[in-house]
Amino acid sequence: MRGLALGDAFGETWFFRPAEVLETALVERWVKDGEWLWTDDTAMALSLLQILDRHDRVDQDALAAAFAAAYAADPYRCYGASMHDVLLAIGQGEDWEAVTRRQFDGMGSWGNGAAMRVAPLGAWFADDLDTVVSEAVRSAVVTHAHPEATAGAVAVAVAAALSVRGVPGDEFIAAVVDRVPDSEVASRLRRADRIASSSDPRHVAGMLGCGKQISAVDTVPYAIWCAAAHLDDLTEALWATALAGGDIDTTCAIVGGIIGARTGLTGVPADWLSSCEPLPAWVDDISDQP
C-alpha cells in the first residue's frame, strides 16, 4: 500500500509541467519540492484494503459503499469523469451493478481504475493465486464492467502476488499471463514478454502504450513490463516508468504497488518519503497485525 501511494504521489508531480521541459526534467531527474499528494489511485486502494481488513474477502456491497463514502468525503482526488458519475450514483443509493453496467452505452468502463488500486489485494492473497484471480475480478466489477478492465485488474493483482512470492524478472510476465483471461490485455502482455528488460521505456511505450488512453489495455502491460524490469529497486522502477509520460500517476501507482509488495520502501530516498502525503493512521494498525 505504501509503495502504491508513493508511486501515485511521485507520478502526480509530473503533471502540469510545461511540455517543453517535461522530458528534460524526467531525463535529468528533477525531483519536485514540497508535498507530493496522492490521487484517486491511492484513495480507492485504501478503500479496498479497508474492506479486506474487515472481511478478509471482497464484499462487493461494502466495497461499493466504501468507494462512494471516500469520494463524498474528498472528491478532489483527480477521479476520472466516469467515476464521478458512478460514485455519486452509488452514494445516492443506486445499485452499484446497475450503475456500473450502464456506463459507456452499456459496455461498462474499460478504464485503468480497477487495475490501479488492486495491488494490495494481490499481496493479501499471495499464498493462493486462484483466490487472487477470483477476488480481483470481484473487486473490478464494482466499478468497471468491461472484461478488459477486469483482465487488467487480474494482471496487476497476480503481478503483486508473484512479486511477494519472489518470482524472478525473466519469468515474471509469462507467469502473469498464465493467469490473465483471454483479452487484449493478455495479448499485449505477451508482446511485453518479448521486449528486453534493458529497452528504453519510451520505446516500449510506443509498442504497448503508457496510459495516454486511460484504458486498462493501454496501461497495464506497460506498467507490468516496467515492474518486471526493476523488481528489486522501487526507486529506479518509478523513474523508468515515468520516463515515457502518459498517465504517470497510475502507471507509477501500479508499479509501486507491485514492487512495494516485494521490497517495501527499502532504498527509497528519505526526502521522497518525507514529501509523500502520509497514509491514514489505520494502515499502521493493519501492518502491525501478526
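Q: Buried means under 20% relative accessible area, exposed means over 50%, and partly exposed lies in between (1.4 Å probe, protein chains only). What makes Arg202 partly exposed?
A: Arg202 has a relative accessible area of 32%. Partly exposed covers values between the limits of 20% and 50%, so Arg202 counts as partly exposed. This is a predicted model, in which local features need pLDDT of at least 70, side-chain atom pairs count only at pLDDT 80 or more, and totals for chains, interfaces and linings use all residues. Residues are numbered from 1 along each chain as its sequence is written, and side-chain values use heavy atoms, with hydrogens and water left out.

Q: How do you know that Glu23 forms a salt bridge with Arg202?
A: A salt bridge requires a side-chain nitrogen of Lys or Arg within 4 Å of a carboxyl oxygen of Asp or Glu. The closest N and O atoms of Glu23 and Arg202 are 2.8 Å apart, so the pair meets that limit.

Q: Why is the pair of Glu23 and Arg202 said to tie parts together?
A: Glu23 belongs to helix H2 (residues 19–27) and Arg202 to helix H13 (residues 201–208), so the pair ties together parts that are 179 residues apart in sequence. Helices are DSSP runs (H or I, at least four residues), numbered from the N terminus. Glu23 and Arg202 are also linked with Asp200 in a network of salt bridges.

Q: What makes the contact of Asp284 with Arg2 a salt bridge?
A: The closest N and O atoms of Asp284 and Arg2 are 2.4 Å apart, so the pair satisfies the definition of a salt bridge. Asp284 lies in helix H18 (residues 282–287) and Arg2 in helix H1 (residues 2–12), so parts 282 residues apart in sequence are tied together. Asp284, at 37% relative accessibility, counts as partly exposed, and Arg2, at 36%, is likewise partly exposed.

Q: How do you know that Asp249 has no salt bridge?
A: The nearest side chain of opposite charge, Arg77, is 10 Å away from Asp249. Lys and Arg count as positive and Asp and Glu as negative, while His and the chain ends are not counted. Asp249 is buried, yet has no salt bridge.

Q: What makes the pairing of Asp249 with Thr39 a polar contact?
A: The side chains of Asp249 and Thr39 are joined at 3.2 Å. A polar contact is a pair of N or O atoms within 3.5 Å; within protein, one must be able to donate a hydrogen and the other to accept it, and residues adjacent in sequence count only if both atoms are side-chain atoms. The pair of Asp249 and Thr39 therefore qualifies.

Key
Helix = DSSP H or I, 4+ residues; strand = E, 2+ residues; numbered from the N terminus.
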